[in-house]
Amino acid sequence: MDSLEPVERRWEPAKRQRARAEARGSFARVGTRTEPERLFETGGLRWRFPRSSSPCEAAIVNTGGGVAGGDSYSVSLTLGEGAEVEATTPSAERIYRSDGPAAAITTRLSLGRSARLFWLPQETLMFEGARLERRLEVETSSEASFIIAETLVFGRLAMGESQIDASVRDSWRVRREGRLVFADETRLEHAGATLDRKAVGAGARAMSTIVASAPNIEVRLPDLRAALTAESSVVESGASAFDGLIVVRLLAASSDRLRGALLTSIVALGGRKPRLWP
């Protein structure tokens with residue numbers, strides 16, 4: 001009888017499934033209203049329209065319940081001439097621990113003549129071990145206006161999780177009529193320890209960046225700064241105007257403290273609190 005030779009087998013770790021999700025939407029002015037013109041959704045991203053109104057309310061829902069390492073999410077909004085859209089999310093986005101590649105989120109916004117966009121998603125919550133690479137690209141007409149606000153929160157603060165090891169790379173680019181008018185890069189490694197440094201965050205765990213553009217928007221700067229002065233006991237803030245833009249930075253110990261100053265800034269810049277926000 002022939003002998004059986006042992007077969008060498010190599011163990012290979014199972015490949016994890018990575019989410020690939022995309023939502024694209026174009027919006028058009030129809031009479032006095034703005035309506036969705038074309039919509040596309042795949043993966044875990046979905047469009048919802050809570051109320052037919054002006055501006056058009058567009059909610060972006062992640063049915064996956066969060067974003068893990070190696071996931072890739074992409075959202076694109078195109079506003080035609082005169083279209084008005086308020087885009088938000090029904091809850092905070094969660095970025096979970098990664099044991100390898102970073103999660104990637106890309107947002108592209110395009111505004112035609114006289115379009116108005118309020119891009120106001122709720123917070124992005126970074127978990128322990130999370131890694132995120134996020135990119136925001138805006139192409140706008142010189143006659144359009146927008147308010148864009150993004151907030152990052154580091155740790156589940158309500159559960160006492162404040163010292164987390166997470167990393168973020170956040171890139172913003174705004175072009176007006178093809179000309180670059182705003183470029184911003186934020187990179188944080190070992191977020192908990194880094195934000196504890198006095199010259200970086202002085203213990204802050206929540207931060208917001210707001211960029212607003214509109215004809216003559218500079219005239220809103222004095223009222224905005226006055227409103228933020230009233231919030232100075234709980235939030236560190238700064239606001240500047242240049243090249244038809246206003247840029248606001250907010251830092252606070254928690255998202256609860258930050259939320260008031262964020263809404264104050266949005267209203268002072270001509271926006272409103274989204275109905276889906278708590």
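**A guided tour of the predicted model**

Begin by selecting strand β11, which contributes 3 residues to the lining of the largest cavity, more than any other element. The model in the viewer is a predicted one, and every stop below refers to that prediction.

**Stop 1: the largest cavity**

With β11 (residues 131-140) still selected, add the residues that enclose this space: Thr-107, Arg-134, Arg-135, Leu-136, Glu-150, Asp-170 and Trp-172. The volume enclosed here is about 40 Å³. Two elements, β11 and β13, each give two or more residues to the lining of this cavity. What classes of residue make up the lining of the largest cavity? There are 4 charged residues, 2 nonpolar and 1 polar.

**Stop 2: from β11 to β13 and β14**

Next, display the backbone of β11 together with strand β13 (residues 167-176). These two strands run parallel and are joined by 10 bridges. To find one point of contact, select Thr-140 and then Arg-176, its bridge partner in β13.

Now move to the pairing of β13 with β14. Is it parallel or antiparallel? The pairing of β13 and β14 is antiparallel, over 9 bridges. Select Val-174 and look across to β14, where Phe-182 stands opposite. The hairpin formed by β13 and β14 has 2 residues between the strands, and in this hairpin Glu-177 has a positive phi near 55 degrees.

**Stop 3: the open sheet**

Widen the selection to the whole sheet. Its 7 strands follow the order β2-β1-β5-β8-β11-β13-β14, and the sheet is open with mixed pairing. The edges are formed by β2 (33-42) and β14 (179-188), each of which pairs on one side only. Between neighbouring strands of this sheet, the average turn is 10 degrees, with direction ignored. As background, strands of a sheet pair through backbone hydrogen bonds, in either a parallel or an antiparallel manner.

**Stop 4: the largest pocket**

Select Ile-60, Asn-62, Thr-89, Glu-93 and Pro-121, the residues nearest the centre of the largest pocket among the 26 that line it. The elements giving two or more residues to this lining are β4 (56-62), β5 (72-79), β6 (84-88), β7 (93-95) and β8 (103-111). Of the elements, β4 has the largest share, with 3 residues. The pocket has a volume of about 440 Å³. Colouring its lining by class will show 13 nonpolar, 9 polar and 4 charged residues.

**Stop 5: the second largest cavity**

Keep β4 selected, since the next stop also involves this strand. The second largest cavity is lined by Pro-50, Glu-57, Ala-58, Ala-59, Glu-86, Thr-88, Arg-275 and Leu-276. Both β4 and β6 give two or more residues to this lining, and β4 gives the most, with 3 residues. The space inside amounts to about 30 Å³. By class, the lining has 4 nonpolar, 1 polar and 3 charged residues. The model has 2 cavities of 30 Å³ or more.

**Stop 6: the second largest pocket**

Which residues are the closest to the centre of the second largest pocket? Select Leu-125, Val-153, Ala-158, Ser-255 and Asp-256, which hold that position among the 14 lining residues. This pocket contains about 320 Å³ of space. Helix α3 (residues 255-268) gives the most to the lining, with 3 residues. The lining divides into 6 nonpolar, 4 polar and 4 charged residues.

**Stop 7: helices α2 and α3**

Leave α3 displayed and add helix α2 (residues 221-229). The axes of the two helices come within 9 Å and cross at roughly 160 degrees. Angles over 145 degrees count as roughly antiparallel, and α2 is therefore roughly antiparallel to α3. Their crossing is right-handed.

**Stop 8: the hairpin of β16 and β17**

Finally, select strand β16 (residues 235-242) and strand β17 (residues 245-252), which pair in the antiparallel sense over 8 bridges. Ala-239 has Val-248, in β17, as its bridge partner. This hairpin has 2 residues between the strands, and Asp-243 takes a positive phi near 50 degrees. The tour ends at this hairpin.

Notes. Residues are numbered from 1 along each chain as its sequence is written. This is a predicted model: local features need pLDDT of at least 70, side-chain atom pairs count only at pLDDT 80 or more; totals for chains, interfaces and linings use all residues. Side-chain values use heavy atoms; hydrogens and water are left out. On a 1 Å grid over the protein atoms alone, a cavity is a set of points where a 1.4 Å probe fits but cannot get out, and a pocket is an open set with protein on both sides within 12 Å along at least five of seven lines; lining residues have an atom within 4 Å of a point. Grid points are joined across faces, edges and corners, and a volume is the space filled by probe spheres set on the points. Helices (H or I, at least four residues) and strands (E, at least two) are DSSP runs, numbered from the N terminus. Ala, Val, Leu, Ile, Met, Phe, Trp, Tyr, Cys and Pro count as nonpolar, Asp, Glu, Lys and Arg as charged, and the others, Gly among them, as polar. Two strands pair if DSSP finds at least two bridges between them. Axes are lines fitted to C-alpha atoms, for helices over the stretch in contact, and angles run from 0 to 180 degrees between N-to-C directions. Angles under 35 degrees count as roughly parallel, over 145 as roughly antiparallel, 65 to 115 as roughly perpendicular and the rest as oblique. A crossing is left-handed if the near helix is turned anticlockwise from the far one by less than a right angle, and right-handed if clockwise.
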